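Biologist: Thanks for making time today. Could you show me the model, and then let me ask about it piece by piece?

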Amino acid sequence: MSQAIMKVVKQVEIAKDIYELRLKGDLVKEMGAPDQFLHIRVPGNDLLLRRPISIAEIDAENEECVIIYRTEGDGTKIISQLTEGDTLDVLGPLGNGYPIDMLKAGDNALLVGGGIGVPPLYELSKQLHAKGVNVVHCFGFKNKDEVFYEKEFSAFGKVNIATDDGSYAKKGFVTQYFDELDGFVPDAVFACGPKGLLAAASRAFDPSITYLSMEERMACGIGACYGCVCEKKNSTSASDNYRVCVDGPVFRAEEIVL
Amino acid sequence: MSQAIMKVVKQVEIAKDIYELRLKGDLVKEMGAPDQFLHIRVPGNDLLLRRPISIAEIDAENEECVIIYRTEGDGTKIISQLTEGDTLDVLGPLGNGYPIDMLKAGDNALLVGGGIGVPPLYELSKQLHAKGVNVVHCFGFKNKDEVFYEKEFSAFGKVNIATDDGSYAKKGFVTQYFDELDGFVPDAVFACGPKGLLAAASRAFDPSITYLSMEERMACGIGACYGCVCEKKNSTSASDNYRVCVDGPVFRAEEIVL
Amino acid sequence: MNRLAVSLPGLELKNPIIPASGCFGFGEDYGKYYDLSLLGAIMTKATTLEPRYGNLTPRLAETPSGMLNAIGLQNPGVDVVVSKKHKELEKYDVPLISNVAGYTVEDYYAVCERVSKSPNVKAIELNISCPNVHKGGLQFGTVPEMAAEVTRAAKAAATVPVYVKLSPNVTDIVEIAKAVEAAGADGLSMINTLVGMRIDLKTRQPILANKTGGLSGPAIKPVAIRMIYQVARAVEIPIIGMGGVYTVDDVLEMFMAGASAVGVGMANFTDPFVCPKLIEQLPQRMDELGINSLQELINEVKEGIRNER
Amino acid sequence: MNRLAVSLPGLELKNPIIPASGCFGFGEDYGKYYDLSLLGAIMTKATTLEPRYGNLTPRLAETPSGMLNAIGLQNPGVDVVVSKKHKELEKYDVPLISNVAGYTVEDYYAVCERVSKSPNVKAIELNISCPNVHKGGLQFGTVPEMAAEVTRAAKAAATVPVYVKLSPNVTDIVEIAKAVEAAGADGLSMINTLVGMRIDLKTRQPILANKTGGLSGPAIKPVAIRMIYQVARAVEIPIIGMGGVYTVDDVLEMFMAGASAVGVGMANFTDPFVCPKLIEQLPQRMDELGINSLQELINEVKEGIRNER
Ligand SMILES: Cc1cc2nc3c(=O)[nH]c(=O)nc-3n(C[C@H](O)[C@H](O)[C@H](O)COP(=O)(O)OP(=O)(O)OC[C@H]3O[C@@H](n4cnc5c(N)ncnc54)[C@H](O)[C@@H]3O)c2cc1C
Ligand SMILES: Cc1cc2nc3c(=O)[nH]c(=O)nc-3n(C[C@H](O)[C@H](O)[C@H](O)COP(=O)(O)OP(=O)(O)OC[C@H]3O[C@@H](n4cnc5c(N)ncnc54)[C@H](O)[C@@H]3O)c2cc1C
Ligand SMILES: Cc1cc2nc3c(=O)[nH]c(=O)nc-3n(C[C@H](O)[C@H](O)[C@H](O)COP(=O)(O)O)c2cc1C
Ligand SMILES: Cc1cc2nc3c(=O)[nH]c(=O)nc-3n(C[C@H](O)[C@H](O)[C@H](O)COP(=O)(O)O)c2cc1C
Ligand code: FES
Ligand code: FES
């Protein structure tokens with residue numbers, strides 16, 4: 001982990017309220033595992049807590065990385081106004097990303113994403129594909145306007161999409177695809193998105209091979225403040241919980257209480 | 001008075017920590033009297049009080065005006081980083097500037113300025129000169145690095161300069177020139193600067209023809225909060241004082257208690 | 001139906017936006033810039049029995065997301081306020097809430113009696129953050145019995161409803177709120193400023209001539225929300241909420257905490273047109289959040305509180 | 001001579017910069033990023049007799065120039081703290097100030113006794129912002145007699161100096177400060193967080209699972225400065241100042257108000273390297289302001305206070 005000033009290479013609104021921000025800097029050298037995150041200082045002086053945003057893509061060669069985020073509140077709105085040449089104070093890479101060492105060429109991986117939970121899966125899909133793992137994606141979005149990166153993910157494997165209102169692809173929850181995998185039996189399931197989606201994934205698949213990316217409000221981002229805890233399954237001591245920032249954000253479904 | 005978004009035309013550091021900022025906008029149409037002021041919103045969201053800065057020059061033809069200020073604290077530092085094309089939220093023009101109607105061609109006016117009290121006198125000097133009034137300037141600065149606008153003022157009349165440390169022109173207080181005016185008997189004295197300088201000017205000259213520009217911390221800038229008061233001379237009621245923002249900033253020396 | 005209308009004792013407001021006391025003078029200055037009839041009501045500057053000069057300057061200092069003020073109750077005294085200041089506001093279609101201050105219970109009685117007589121004064125806001133000269137300078141607002149005593153005096157003197165303005169500088173604001181409710185207050189207004197200070201690093205002395213000042217602005221909003229939330233659960237009388245309101249979201253957050261109208265103070269200095277802007281922007285934000293009308297929101301929040309019990 | 005050195009009971013500090021309790025864990029996390037021996041001291045996370053889970057999440061919310069937290073004293077209990085957490089910090093040349101919390105006077109006694117035994121614990125910071133389970137949940141820190149009682153218990157149990165951490169959520173902080181001084185406190189630390197709340201406009205419920213939380217950051221600095229200024233004029237024991245310190249100017253403002261060392265809390269989250277940066281930047285700013293050494297500044301401020309009397 002380092003603190004660094006990164007340069008904005010490019011920023012594009014790729015879907016409604018969804019921004020793709022490309023950053024350049026030495027820090028990229030430290031990035032490796034998919035779904036580590038950056039802890040970003042919002043420019044200005046009144047919003048003092050950093051914003052955690054996952055690294056969606058690592059471009060080691062050009063020392064660049066991509067983050068993709070939705071403008072939720074004041075912080076992300078300010079960040080969305082940055083343009084080429086602006087700088088950003090970031091801390092990272094933080095947390096433990098998705099493990100992939102247990103998979104080998106020919107294995108099957110199912111990637112489940114909901115809304116803004118989709119981007120962190122991009123670098124994962126890329127790395128799995130490069131390893132020769134067969135990847136299938138199941139993504140849920142609110143509506144047609146918010147769908148993004150379908151083409152990009154298609155390069156690595158099949159993409160199944162569902163929208164809440166049916167304005168694009170199938171209508172309803174992404175979970176409907178879990179029963180229609182046509183004999184694709186996952187050796188690992190990776191999920192990122194709202195709690196409901198994570199819970200559905202851990203019910204549908206073996207919780208020992210299902211990896212969930214958790215989200216909690218964060219202050220320090222490095223384990224010191226205990227702001228971002230989540231409950232440990234079968235913990236032995238009252239004070240024993242996980243900190244999403246350092247112990248996660250990725251946990252095996254069997255380790256935690258959702 | 002209006003609230004308006006003005007455009008930055010140009011910003012230059014004209015002396016150590018002294019910035020000249022040229023702004024463009026409709027608001028210039030409302031400007032007239034010398035030493036009215038703008039109440040400027042500092043970009044960002046943590047500094048919420050506006051900053052009062054005098055209008056140093058009005059360029060009605062191009063709908064531009066100039067302000068000149070020293071970087072004192074966080075607010076002026078942030079403003080000093082603006083560059084061409086940036087915008088600024090200003091309220092103005094506020095306050096009553098220096099009166100000049102009582103002077104006619106051939107009259108004598110003495111302009112006394114200290115440090116950052118010099119700029120508001122520029123538009124005044126220009127307007128007096130245009131009227132045919134004879135102008136003499138006495139300006140004090142801390143040191144050579146902080147001297148500015150000598151040439152510009154010279155176009156309108158003699159400029160006497162003193163520096164605290166003698167690093168430029170005469171050493172010592174600007175008041176030393178008051179006894180060396182070589183028969184120049186002012187029909188009006190206009191002073192702007194630290195309280196000590198204002199007090200010296202009102203002692204040296206007839207307080208009924210001596211006009212002082214006052215400075216107080218301001219919130220509303222329009223008379224509502226009573227934050228910026230100064231004491232009235234011979235006031236009859238306990239609650240009776242002047243508000244620098246609407247009753248001033250310029251007062252006759254005989255009206256106020258310094 | 002007017003979606004923004006709210007109804008409080010003595011106050012049928014066309015909207016809930018009220019410039020807070022001391023931040024709007026007696027309206028005359030802002031009246032030059034927009035039509036004051038747009039406003040829900042106006043909380044006028046603190047009025048005392050005698051004219052008061054107030055504190056020496058500096059009276060103001062800035063702080064992160066806030067400011068300190070130590071104006072010191074400067075005002076021309078109740079006689080001038082009633083004969084001139086209230087009169088001048090009669091040309092607007094806007095109710096006044098007259099902020100009343102004093103140093104003895106008798107002061108409060110006398111001022112409440114007189115300001116009630118102005119036909120456009122529809123309510124009194126009792127500023128109990130003043131030191132009681134008879135009780136060793138303890139603030140009326142910090143001791144439940146003293147707060148109750150001055151409330152009773154105001155109620156006896158006033159012919160309009162009395163809203164007591166609570167000070168946040170207390171250990172237990174609920175206790176004070178209950179005491180003034182029991183003493184007959186028709187409503188509450190909260191919060192007044194937190195006591196704060198800034199020191200000038202060059203002089204090494206406090207910036208304000210008065211040394212301490214009142215902290216207001218967004219910095220104190222979380223404290224205001226907490227106190228409104230707690231008090232709304234302990235009393236039946238309505239609350240006019242204030243403290244750091246800058247945006248329509250802040251207005252609605254106050255309502256969700258338990259307020260029935262909202263005071264806007266410091267924000268007027270940042271943006272002189274903030275009050276009309278809030279009034280204009282409220283309906284759209286209400287649409288986004290599924291709020292039909294503010295009166296409905298007030299009722300829903302009250303219902304929620306009842307269900308908590 | 002070390003210009004940054006300050007001397008307080010039990011604490012000969014090479015500099016006055018101390019990460020505040022709860023914002024720095026037991027140092028292990030920040031220890032990965034810089035050498036903790038750089039720090040003046042470390043105020044460790046609140047330690048209770050038994051392990052505690054703390055509150056449900058969300059535990060955090062942001063506010064203008066500040067934040068709310070409701071961690072809820074999560075810690076592994078005094079046995080693990082002493083046997084592991086303090087031990088791990090022995091490799092650094094940095095004194096610990098152990099933050100002690102409890103729900104009964106007996107809790108405080110027991111924890112103070114045990115943490116005193118760690119050789120690197122040079123002082124105790126008594127966190128009296130906890131509800132007293134035997135006194136109907138009233139916070140120890142809000143009632144002078146209760147604050148005094150727990151101070152006496154801590155003093156009886158501890159073999160190191162005891163600094164009592166004052167809560168700002170009181171009507172009269174001077175009264176509390178005097179009570180704990182009379183009860184034997186060796187120093188004070190102030191301020192703890194102000195109680196605040198934020199409401200989520202979509203759910204219309206408080207953001208924090210605990211509903212209320214503690215407000216910290218620059219937003220509360222003016223309140224901290226005011227309280228330190230007032231208390232420094234009423235007691236003789238030294239004060240560790242905190243509340244919103246982000247810059248060297250903030251550090252020096254605390255000293256000028258009357259502090260003898262400075263805690264840094266929320267700023268660590270904005271900039272994990274803030275403490276070493278402050279230590280590095282202090283000398284230059286002291287030069288600009290004509291301050292030879294911090295100990296000299298402390299003495300000058302004390303002298304000034306004596307002359308006011
Ligand atoms: C490990 C991790 C990875 C994330 N990756 C992404 C990503 O790749 N793309 C993306 O769009 N979002 C991501 N998020 C969520 C993102 O952090 C929030 O949307 C963002 O912080 C909102 O900031 P704001 O200022 O716009 O909203 P505000 O509501 O104004 O924020 C106020 C405070 O609440 C916190 N907060 C608000 N919503 C969330 C949330 N959902 N999760 C955590 N903190 C929150 C903010 O960090 C801030 O401290 C991630 C969150 C975590 C914990
Ligand atoms: C009518 C009027 C006209 C002015 N004209 C000029 C000018 O032409 N050029 C110029 O350089 N300065 C001028 N000043 C002073 C200028 O307003 C301050 O230097 C400026 O506000 C400092 O802001 P800051 O954020 O840099 O300093 P900070 O110290 O960070 O400001 C904090 C707060 O204190 C107030 N403040 C600090 N110093 C002063 C001061 N000297 N006067 C009033 N308020 C102050 C600020 O407005 C702000 O509210 C004028 C002041 C007044 C009242
Ligand atoms: C300059 C100023 C003057 C004030 N004067 C008064 C006053 O006379 N009477 C009063 O009850 N409150 C007074 N207040 C407090 C405000 O009415 C309000 O309660 C407080 O500022 C919190 O609201 P805000 O954060 O929106 O400013 C004053 C506040 C300011 C900033
Ligand atoms: C996340 C967090 C946790 C805290 N935990 C404790 C604690 O365990 N014990 C304590 O005495 N104070 C605790 N505090 C209060 C701080 O020590 C400090 O008094 C307060 O935050 C003000 O300083 P700041 O504005 O620099 O943060 C905590 C503060 C924060 C932000
Ligand atoms: S954010 Fe501080 S422990 Fe995770
Ligand atoms: S600044 Fe408000 S009255 Fe002058």
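Modeller: Happily, and let me begin with Ser21(D): at 15% relative accessibility it counts as buried, where buried means under 20% relative accessible area, exposed over 50% and partly exposed in between (1.4 Å probe, protein chains only). Please keep in mind that this is a predicted model, in which local features need pLDDT of at least 70 and side-chain atom pairs count only at pLDDT 80 or more, while totals for chains, interfaces and linings use all residues. Residues are numbered from 1 along each chain as its sequence is written, chains are lettered from A and ligands numbered from 1 in the order in which they are written, and side-chain values use heavy atoms, with hydrogens and water left out.

Biologist: Which backbone oxygen does the side chain of Ser21(D) reach?

Modeller: Ser21(D) sits in the loop between strand 3 (17-19) and strand 4 (42-43) of chain D; helices (H or I, at least four residues) and strands (E, at least two) are DSSP runs, numbered from the N terminus. Its contacts, meaning heavy atoms within 4.5 Å, include Met43(D), Lys45(D) and Glu125(D), leaving aside residues up to four places away in sequence. At 2.7 Å, the side chain of Ser21(D) reaches the backbone oxygen of Thr44(D).

Biologist: Is Glu125(D) buried or exposed?

Modeller: Glu125(D) belongs to strand 8 (residues 121-127) of chain D. Beyond four places in sequence, it touches residues including Ser21(D), Ile97(D), Tyr163(D) and Met242(D). With a relative accessible area of 0%, Glu125(D) is buried.

Biologist: At what distance does a polar contact join the side chains of Glu125(D) and Ser189(D)?

Modeller: A polar contact is a pair of N or O atoms within 3.5 Å; within protein, one must be able to donate a hydrogen and the other to accept it, and residues adjacent in sequence count only if both atoms are side-chain atoms. The side chain of Glu125(D) makes one such contact with the side chain of Asn99(D), at 2.6 Å. For the side chains of Glu125(D) and Ser189(D), the polar contact is 2.6 Å.

Biologist: Let's move to chain A. Which residues does UniProt list for "binding site"?

Modeller: The UniProt record is an unreviewed entry; its positions are given in the numbering used here, feature names are shortened, and annotations may be inferred rather than shown by experiment. The residues listed are Cys220(A), Cys225(A), Cys228(A) and Cys245(A). They span 26 residues in sequence, yet no two of their C-alpha atoms are more than 10.2 Å apart, so one spot gathers Cys220(A), Cys225(A), Cys228(A) and Cys245(A).

Biologist: Which residues of chain D does Cys220(A) touch?

Modeller: Cys220(A) lies in the loop between strand 13 (210-213) and strand 14 (229-231) of chain A, and at 2% relative accessibility Cys220(A) counts as buried. Within chain A, and beyond four places in sequence, Cys220(A) touches His39(A), Leu91(A) and Cys225(A). From chain D, the partners are Tyr30(D) and Phe269(D).

Biologist: And what is the relative accessibility of Cys228(A)?

Modeller: Cys228(A) is also placed in the loop between strand 13 and strand 14 of chain A. Among the residues it touches, not counting those up to four places away in sequence, are Glu216(A), Tyr242(A) and Cys245(A). Cys228(A) counts as buried, at 3%.

Biologist: Now the interface of chain C and chain D. About how much area is buried there?

Modeller: Here 41 residues of chain C are in contact with 41 residues of chain D. Buried area is the accessible area (1.4 Å probe) that two parts lose on being put together, summed over both. Carbon and sulfur atoms give 65% of the total, which is about 3400 Å².

Biologist: Which residue forms a salt bridge with Arg204(C)?

Modeller: A salt bridge is a side-chain nitrogen of Lys or Arg within 4 Å of a carboxyl oxygen of Asp or Glu, and the rule finds 2 across the interface of chain C and chain D. With the closest N and O atoms 2.8 Å apart, the partner of Arg204(C) is Glu300(D).

Biologist: Which element gives the largest share of the side of chain C that touches chain D?

Modeller: Between chain C and chain D, 12 residue pairs are in polar contact (both at pLDDT 80 or more). Elements of chain C that each supply at least two residues to that side include strand 11 (194-196), helix 6 (248-257) and helix 9 (294-308). The largest share, 6 residues, comes from helix 5 of chain C.
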